[in-house]
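I opened my notebook to keep track of what I looked up in this structure, entry by entry. The structure itself comes next.

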Amino acid sequence: MNLCCRINGVEMTLETDPERRVVDLLREELGLTGTKEGCGSGECGACSILVDGEHRLSCLMVAAQLEGRAVTTIEGLGEPGRLHPLQEAFVRCGAVQCGFCSPGMILAAAALLKKTPHPGRDEIRQGLSGNLCRCTGYQKIVDAVETAAGLTNPDGAPPTAPHARPALAEEGEASRCAAPAQPPPPPGGHSARLRRGGQVRHRVLLPRSLAELWSFLEEEPGARVWAGGTDLSVQLRVGRAVPPALVCLERIAELRTIEEDADCLRIGAGVTLGRLIADPRIGDDLPVLKRAAETLGSPPIRAMATIGGNICTASPAGDTLPPLYILDAEVELRSRTATRSMPIGSFITGPGTIRREAGEILTAVRVKRPAAYGLQHYEKIGQRKALACSVASLAALLRLSPEGTIEAIRLAWGSVGPTVVASPAIEALLLGERPSAAVLARAAEATRHTVSPIDDVRGTAEYRRTAAANLLLRFLHGALAQR
Ligand SMILES: Cc1cc2nc3c(=O)[nH]c(=O)nc-3n(C[C@H](O)[C@H](O)[C@H](O)COP(=O)(O)OP(=O)(O)OC[C@H]3O[C@@H](n4cnc5c(N)ncnc54)[C@H](O)[C@@H]3O)c2cc1C
Ligand code: FES
Ligand code: FES
C-alpha cells in the first residue's frame, strides 16, 4: 500500500505492507532505531511512540493504522545539539544507564506532561507504569520527569520549562498526502517512497462508517475485526490467528460514543478504556466499571484497548466483565440488515467464545444505572501493581439498611471459572442478613465451593478459591466499617 503519514514532522508516502508492525516499519524501513523492541507484546513500553500526540505501542500497531496520522519517535523530539527538556532532565538526573528503555520512557513522559503539565510523583509513576526499566531504578526517572515539568530542580539551575521546548511535530492529523513525498529526516536517510518486497499476507481495511464496514465484511467474509488490536496483534504474532484481512474499527465515529437516556448508558464498542475512565458519567454512575477499567493493563494499553474488544475477547480474566455482569449489561450486535441484543452472560459462552454471527459486530453495550445500590466495588488480585492479569477479581453492588442489614447485593468473580462466576445462591444467602461472623463464614465457604478455578502460571486453583472468598470477606468488612 501507499501509506501517507507525517513522521517527525515530514510528510511521507511509504510503499509498505499494510500489516507490517509499526515498530518494524520505523526501525527496518526508516532506520529510526531509537524505537526499541523489548517484549513485542505490549508489556515493556520500549517501543513507545506518539501518534497524533498520544502514547502508543508500536509493536501492537500495523502500518495501515498510520494512514493520515502524525508520528513522533525519539528522533523527532529534540534536535541535534538541542535536547528536548525531558532528554536534558534525564541526563541531568542520571536517569539513564544502558538507555534501552529511555526513548520509551521519555515519549511516555512527553504524553503525560502534555495532558498533565504539573503531575505529582504518583501521577508520574502511574503515567509511566507501562514502561519497564531494568537498570536505573525508577526513582531517578521520576525525578527527571518532575524536573522537566519544572517542579523541582536537583542542582539549583533554573527549572526547565516544558513549554519552552520545541513544539512537538505530532499534533493534529497529517494532511492527506496529495503532495509529492519529501525525504525523511536523518538517520533514516531513505527516499520517502520506500519499496519493500515481501508478500502481503493480510489486507488491512479502514472503514470510516458502519455502511463502509458492512461492504468490507461482505467483500472479505473471513476478515478479523481489529478494534484496539491489543489482543489480536499478539494472536497474529504467535500465529494463533491468520485471517485473510483485518478490518480496523478505530475510524468509525458511530462506535466511539457514550450516550445516555433516562436510566441507561449506551457505550459504543469502540470506546477505549482510557476514554471510559475519563468520562465523568462513568465515574458518577458506574464507578465499579471505571475502577475495573483503571486496573486493566497500563496507560498505553488503556489508550488503545476498547470495551468491545474486552467483551469479545471473552477472557475469564477480562476486567470489565464482572462489573458488566452485575450491572445486567446488554450487548448490542449489528449486521447490515439486523440489530439484536442479549444479556452479556448469554453472549459469552465460554473462555474466548461468543455468540457472534458472520457479518455481525458488537456495536455497543447498554448498562442501566444501578440506582438501588449505594455501594459499588471492584477489586483485582494480580501479581504486580500495573500490567497485571487478574488472578482473581470481585465486582459487587450493595445496599445496606441503616441497621446494617443487607437489603440488596450483586456479586461476580473473575478469573475463577471458565467465564465470570455470578452466584444468585450466595446473594440469596446474604440477603436480609446482618453480616455477623457466622454469616460471613458461611458466605466464604459457599464461595469456595461455587468458583471453579484452574491451576495456571499465575496461581493455583486452591489459591484462587481462597482469594475469591477473601475478596468477598474484605469487601463486606469494608462496607460495614464505612457505614
Ligand atoms: C500488555 C497487555 C496487558 C493486558 N492487560 C489486561 C488486563 O489487565 N485486563 C484485561 O482484561 N485485559 C488485558 N489485556 C487484554 C486486552 O488489552 C483487552 O482484552 C482489551 O480490552 C482488548 O481490546 P482491543 O480493542 O484491543 O481488542 P482487539 O485486540 O482489537 O480484539 C480482541 C478480539 O475481539 C474481537 N473484536 C474486537 N472488537 C470487536 C467488535 N466490536 N465486534 C466484534 N468483535 C470484536 C477481535 O476480532 C478479536 O478477536 C492486556 C493486553 C496486553 C497486550
Ligand atoms: S516492545 Fe514491549 S511494549 Fe512494545
Ligand atoms: S536504563 Fe537500562 S533498561 Fe532502563
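I first fixed a term: a polar contact is a pair of N or O atoms within 3.5 Å; within protein, one must be able to donate a hydrogen and the other to accept it, and residues adjacent in sequence count only if both atoms are side-chain atoms. The model is predicted, and local features need pLDDT of at least 70, side-chain atom pairs count only at pLDDT 80 or more, while totals for chains, interfaces and linings use all residues. Residues are numbered from 1 along each chain as its sequence is written, chains are lettered from A and ligands numbered from 1 in the order in which they are written, and side-chain values use heavy atoms, with hydrogens and water left out.

Entry on the ligand. I found an oxygen atom of ligand 1 at 2.8 Å from a side-chain N or O atom of Arg224, and another entry puts a polar side-chain atom of Asn310 at 2.9 Å from an oxygen atom of ligand 1. For Ala388, a polar backbone atom lies 3.4 Å from an oxygen atom of ligand 1.

Entry on the cores. I looked up the largest nonpolar core (buried Ala, Val, Leu, Ile, Met, Phe, Trp, Tyr and Cys residues joined through side-chain atoms within 4.5 Å), and it has 64 residues, with Ile7 and Ile344 among those with the most contacts inside it. A second, separate core of 27 residues includes Cys101 and Met105.

Entry on cysteines. Buried means under 20% relative accessible area, exposed over 50%, partly exposed in between (1.4 Å probe, protein chains only). Cys101 is buried at 10%, whereas Cys39 is partly exposed at 26%.
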